[in-house]
Amino acid sequence: MYDLIIIGMGIGGVTAGIYAKRANLNVLLIDKGAVGGMLNNIETISNYPGLININGADFSQKLLEQIKDLEIPYQFSEVIDLKIQGDEKIVVTKNEELRAKYVIIATGTKPKFLGLDNEKDLLGRGISTCATCDGAFYKDKDVAVVGSGSSALQESLYLAKICHKVYILNRKDRFKGEKYLETKVRNTKNMEIICNVNIKEYNEVNGKIESIILDNEQKLDVAGVFIYIGYKPNTEIFNNLNILDEQSYIKVNEKYETEIDGVYAIGDVIKKDVYQLVTAANDAIYAISNISKKVLYI
Ligand SMILES: Cc1cc2nc3c(=O)[nH]c(=O)nc-3n(C[C@H](O)[C@H](O)[C@H](O)COP(=O)(O)OP(=O)(O)OC[C@H]3O[C@@H](n4cnc5c(N)ncnc54)[C@H](O)[C@@H]3O)c2cc1C
C-alpha cells in the first residue's frame, strides 16, 4: 500500500510529488493526460518567479525531467473512482485498484463553453479553448477571443502574433484580467476590443466556422473562436463523496483536508481566491507538510 497517491500531475500534483518524495513518503503520481496539466495550454508564463517568459510546454517538460531525476513513481491512467474503506483509500483507475493511506486530489479544471446549439460540433472546426494548441491553424486569418480575464487577454496577445486580426469580445464593459495585459492588448495594432456583446450564432460552411453573429447583430467574418469564459472543476468522479460545494469545487480547510479523513485537495480544483501556478504549488506544500507529519511521526 502506498503512503500517498496524488491524482493529477499539473503543477499542484507535481509539487506535492516532489515534496512527498523528499519527505521519504512512498508516493505515486497518476495523470490521465500529460505532465504539466493546464501548463500545456499556456503559450508564455511571465509571472512565475525565476522563470522569464517560459513556454508552458517547456515548463511541463522541466517538471517531467524533475520527476524522473527524483525518481518519483508515476503512471498515466485515468482515475474513475475513489473509494473509502476505513483508513484505506482505493484509487480506481481504468486498469486496476490502487491502495493508499492518503490521497491528494489535484485534478484541476476544464473550460466552460457558451452553450450555443452547434458549439460542440464545431469544437476543433473553428472553436477552441487553447490558443497554444490550435493558434497555428489560423495563421493570417481573423479570429475572435471571448472573455475578459487574464487568460483571454494573455492568449489573445499570442494569437495576435500569428493571426491577421484578433477581436476580443467582452460581455461587460471592463476587463477582469491583469492591467498589464489589458494595456498590452490596447496597444496592439491588429486587435479590436468589442464590449457589451455576446455571440448569438456561429455560422458554418462545410462544417467549419465562417462567421459569427453578435447580439448587437454585428457580423464578424472569423475562421476561429477561442473561448476563455472560465473553468469548472474536474470533480465528477468525486460526486458521491460529499466533499464538493455547490459549484462542484472541493471544499478544504486551511490544511487542505477535505471532510474525509486522509483525503486532501489542492490547486485549481479547490475553492479559493487566486488560481495561479504559485498558489497551486503553495497548496501542495502545505498538504504534504501535514501528511508527512502524520505518516512519519504518528
Ligand atoms: C490560458 C491560461 C493561462 C494561464 N496563465 C497563467 C500564468 O501566466 N501564470 C499563472 O501563474 N497561472 C496561469 N494560469 C493558471 C494556471 O495554469 C493554473 O492555476 C494551474 O496550472 C493549476 O494547476 P493544477 O495542478 O491545480 O491543475 P491542472 O494543471 O489543471 O492539472 C490537473 C491535472 O489533473 C489531471 N486529471 C484530471 N482528472 C483526472 C482523472 N480523473 N484521472 C487522472 N488525472 C486527471 C489532468 O489531466 C491534469 O493534468 C493560466 C490558466 C489558463 C487556462
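Which residues does D283 touch, not counting residues up to four places away in sequence? I began my notebook with this. The model I am reading is predicted.

**Entry 1: D283**

I looked up the contacts and found that D283 touches G12, Y256, I266, G267 and I270, with residues up to four places away in sequence left out of the list. I then checked where D283 sits, and its place is in helix α7, residues 277-297. Next I asked myself whether D283 is buried or exposed. I counted 26 other C-beta atoms within 10 Å of D283. A residue is called buried at 20 or more, so D283 is buried. I also looked at G13, which is 270 residues from D283 along the chain. The C-alpha atoms of D283 and G13 are separated by 9.7 Å.

**Entry 2: the ligand shell**

I turned to the ligand and found 37 residues around it. Which of them come nearest? I noted G8, G10, G37, G108 and G267. G267 was already in my notes as a residue touched by D283. I sorted the shell by class and got 16 nonpolar, 16 polar and five charged residues. I then looked up which elements supply the shell, and at least two residues come from each of α1 (11-22), β2 (27-31), α5 (150-162) and α7.

**Entry 3: the two domains**

I read the domain assignment, which gives domain 1 as 2-110 + 232-297 and domain 2 as 113-227. The C-alpha centres of these two domains lie 31 Å apart. I looked for contacts between them and found five residues of domain 1 in contact with six residues of domain 2. On the side of domain 1 that touches domain 2, I noted one nonpolar, three polar and one charged residues. I went back to the ligand shell with the domains in mind, and each domain gives at least three residues to that shell.

**Entry 4: helix α2**

I checked the length of helix α2, residues 56-69. Its 14 residues, at 1.5 Å a residue, should span 20 Å. The end C-alpha atoms of α2 are 20 Å apart, so the expected span and the model agree. After α2 comes E71, and I noted that its phi is positive, near 55 degrees.

**Entry 5: strands β11 and β12**

I looked at strand β12, residues 165-170, and found five of its six residues buried. Strand β12 is therefore largely enclosed by the rest of the structure. Its pairing with strand β11, residues 142-146, is parallel and runs over five bridges. Within this pair, I found D142 opposite K165 of β12.

**Entry 6: the sheet β14-β15-β16**

I traced an open sheet of three strands in the order β14-β15-β16, with antiparallel pairing. Which strands are at the edges? I wrote down β14 and β16 (219-220), since each of them pairs on one side only. I followed strand β14, residues 199-205, against strand β15, residues 208-214, and found six bridges joining them. Along this pairing, I199 has L214 of β15 as its bridge partner, and V205 stands opposite K208 of β15. How many residues lie between β14 and β15 in their hairpin? I found two, and N206 in the turn has a positive phi of about 50 degrees. I also noted a rule that holds for regular strands: side chains alternate between the two faces of the sheet.

Note on methods:
Residues are numbered from 1 along each chain as its sequence is written. This is a predicted model: local features need pLDDT of at least 70, side-chain atom pairs count only at pLDDT 80 or more; totals for chains, interfaces and linings use all residues. Two strands pair if DSSP finds at least two bridges between them. Helices (H or I, at least four residues) and strands (E, at least two) are DSSP runs, numbered from the N terminus. Domain bounds come from an automatic or database domain assignment. Two residues are in contact if their C-beta atoms, placed from the backbone, lie within 7 Å. Ala, Val, Leu, Ile, Met, Phe, Trp, Tyr, Cys and Pro count as nonpolar, Asp, Glu, Lys and Arg as charged, and the others, Gly among them, as polar. A residue is buried if 20 or more other C-beta atoms lie within 10 Å of its own, exposed if 12 or fewer, and partly exposed in between; C-beta atoms are placed from the backbone. A residue is near a molecule or strand if its C-beta atom, placed from the backbone, lies within 6 Å of it. The expected span of a helix is 1.5 Å times one less than its number of residues.
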